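Reader: I'd like a close look at one pair of neighbouring helices and what lies beside them. Could you walk me through it, and then show me what else is in the picture?

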Amino acid sequence: MDKYRMLDNKLIWHPDILNKWRNKEIFFPLHLDIGATSDCNFRCIHCFYNYLSHKHRNLPRELLINLMKDISSVGVRSIFFASQGEPLKNPATPEAISVASKSGIDVALSSNGSLFYHEISKEILPFLKWVRISVLAASKNLYCRLHGTTEDTWKQTFKNLEDMVKVKRDLKLKTTLGVQTCLLPENCDDIEALAIHVKNIGFDYITFRPISNHPKNTYHVKEDLLVKFKENLQKAEQIIDNKFNVFIRWNLYQEEKTYSQCLGLPFIAFVNADGGVYTCGCHLDESEYCYGNLYEQSFSEIWLSKKRMELTKKASETPDFRQCDIICRHHAINKFLWEYSKEPEHVNFI
Ligand code: SF4
Ligand code: SF4
C-alpha cells in the first residue's frame with residue numbers, strides 16, 4: 001500500500017484550487033520546489049543537473065526568509081527543498097525550514113545525507129513532514145564511485161542516517177524518513193543489500209526508480225532497468241513488513257505524455273538558486289522559462305505579474321516536449337488535469 005500516494009497526484013484533495021482553475025481565476029501555486037543552492041559536495045554520475053555544473057550559488061538568508069513569509073501569506077501549501085544542489089550547503093536552509101513550518105507550510109527536504117549531522121537533525125527534523133535521502137549503493141567502493149565522493153563521506157552519511165532515526169525516536173517525531181535509489185546499470189546488483197541496510201537502519205521506506213534523463217546531460221540510461229533487473233527488485237520487495245516499505249516505480253518507463261498541453265504549470269513552480277522563479281525543473285537557468293527574479297520582486301509580485309501569466313499560458317498551451325524529461329515533476333498532475341478538462345456529456349449521470 002502506497003499510503004503516501006507517491007506514485008500519483010493529490011489534486012483532488014484541493015477542490016478549492018481546482019475550482020479556481022476551472023473558473024480561470026488567478027491562484028497561487030499549491031507547491032514550490034526550492035533550490036536554496038546550486039552547489040553540491042557530490043558529483044553523482046546520474047545527476048539531472050550535471051549539465052548546469054553545480055555553480056557555487058546560495059540564496060541569501062534574508063531573501064530566503066522573506067520568501068518563506070511571503071509564500072505562507074499567499075497560501076502556498078507545501079515546499080520541497082531540493083533541485084540543483086545539496087540544500088544543506090546553504091547555511092540558511094535550516095532556519096528557512098523552521099520559519100516556513102511555523103508559518104503553516106508543509107515542508108520536505110531532499111538531501112544526499114552527508115551534511116545531516118546530529119545537530120542538524122535535531123534542529124530540522126521536527127519541522128519536516130518527510131526527508132528523502134538519495135543513495136545509489138550500500139557498498140563503499142560503489143557508493144564512492146557513483147556519488148563521486150570519498151570513503152570518509154560514505155561513512156559519515158550512513159552514520160547520519162542512523163542518527164536521524166535516533167533523533168526521530170528520541171523526539172517522538174512523525175517525520176517520514178526515506179531513501180531514494182535511482183536504478184543504473186552500475187548499481188543493480190546492490191539493490192537487495194541496500195534495501196536491507198536501509199531497513200536495518202530504521203528508515204520507513206526505500207524507493208527505486210529509473211533516472212530522469214535531461215536532454216542536455218551526457219550520461220543517459222535508455223534501457224528499462226525495471227524489466228532487466230526485475231528479479232533483484234522483487235527480492236528487495238520481499239523485505240516489506242508493517243514498519244518498512246519498498247516502493248518500485250514499475251510503470252514509469254511505460255508512461256507516456258497522454259496530454260498535449262502542460263496544464264499543471266499554475267500549480268507547481270520552481271525557485272532556483274539564481275533567485276529566478278521558473279516554470280519547471282527542466283528549464284532552470286533558461287531565461288525564456290523564468291517568470292521573474294526574487295532579487296527584484298517578491299514571489300507574490302512575480303506571480304501576479306502580467307509576465308508570469310503570459311508565460312504560464314504560452315508554456316502551458318504550446319509546450320515543446322522535445323526539451324522535456326519524459327516523466328517530469330508535473331507529469332501526474334498534467335495527466336489528471338488533461339482528463340479533467342475534457343468534460344464528457346451527461347456528466348451528472350455519475
Ligand atoms: S547529491 Fe543530488 S544534487 Fe548533488 S550531485 Fe548528487 S544528485 Fe546531484
Ligand atoms: S511537460 Fe515540459 S514544460 Fe511542462 S512541466 Fe514538464 S518539463 Fe516543464
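**Two helices side by side**

Author: Helices α2 and α3 are roughly parallel to each other (the angle is under 35 degrees). Here's the background first: this is a predicted model, where local features need pLDDT of at least 70 and side-chain atom pairs count only at pLDDT 80 or more, while totals for chains, interfaces and linings use all residues. Residues are numbered from 1 along each chain as written, with chains lettered from A and ligands numbered from 1 in written order.

Back to our pair. α2 covers residues 61–73, and its axis comes within 9 Å of that of α3, crossing at roughly 15° (angles run from 0 to 180 degrees between N-to-C directions). Helices here are DSSP runs of H or I with at least four residues, and strands are E runs of at least two.

Who actually touches whom? From α2 you get Arg-61, Leu-64, Ile-65, Met-68, Lys-69 and Ser-72, and from α3 come Glu-95, Ala-96, Val-99 and Ala-100 (contact means C-beta atoms within 7 Å). By class, this α2–α3 contact splits into 6 nonpolar, 1 polar and 3 charged residues (Asp, Glu, Lys and Arg count as charged).

Now look at what else α3 does. This helix, residues 93–102, lies across strands β2 and β3, and it runs at about 155° to β3, which spans 106–111. On to β2 itself: residues 78–81 run parallel to β1, residues 31–34, and 4 bridges join the two strands. In that pairing, Ile-34 sits opposite Phe-81 of β2.

Both strands belong to an open sheet of 10 strands, ordered β7-β6-β5-β4-β3-β2-β1-β8-β9-β10, with mixed pairing (strands pair if DSSP finds at least two bridges). At the edges you'll find β7 (245–248) and β10 (290–293), each pairing on one side only. Ignoring direction, neighbouring strands in the sheet are turned by 20° against each other on average.

Want another helix pair to set beside ours? Try α7 (residues 191–201) and α9 (residues 230–237), which pack at about 20° with their axes 8 Å apart. That angle makes α7 roughly parallel to α9. Ile-191, Glu-192 and Ala-195 of α7 meet Asn-232, Leu-233, Lys-235 and Ala-236 of α9. This contact of α7 with α9 has 4 nonpolar, 1 polar and 2 charged residues.

Finally, the ligands. Around ligand 1 sit residues including Cys-40, Cys-44, Cys-47, Gly-85 and Asn-112 (C-beta within 6 Å), and the shell has 5 nonpolar, 3 polar and 2 charged residues. Ligand 2 has among its surrounding residues Cys-262, Cys-280, Cys-282, Cys-324, Cys-328 and His-330. Its shell holds 7 nonpolar, 2 polar and 1 charged residues.

Conventions. Parallel < 35°, antiparallel > 145°, perpendicular 65-115°, else oblique. Contact = placed C-beta atoms within 7 Å.
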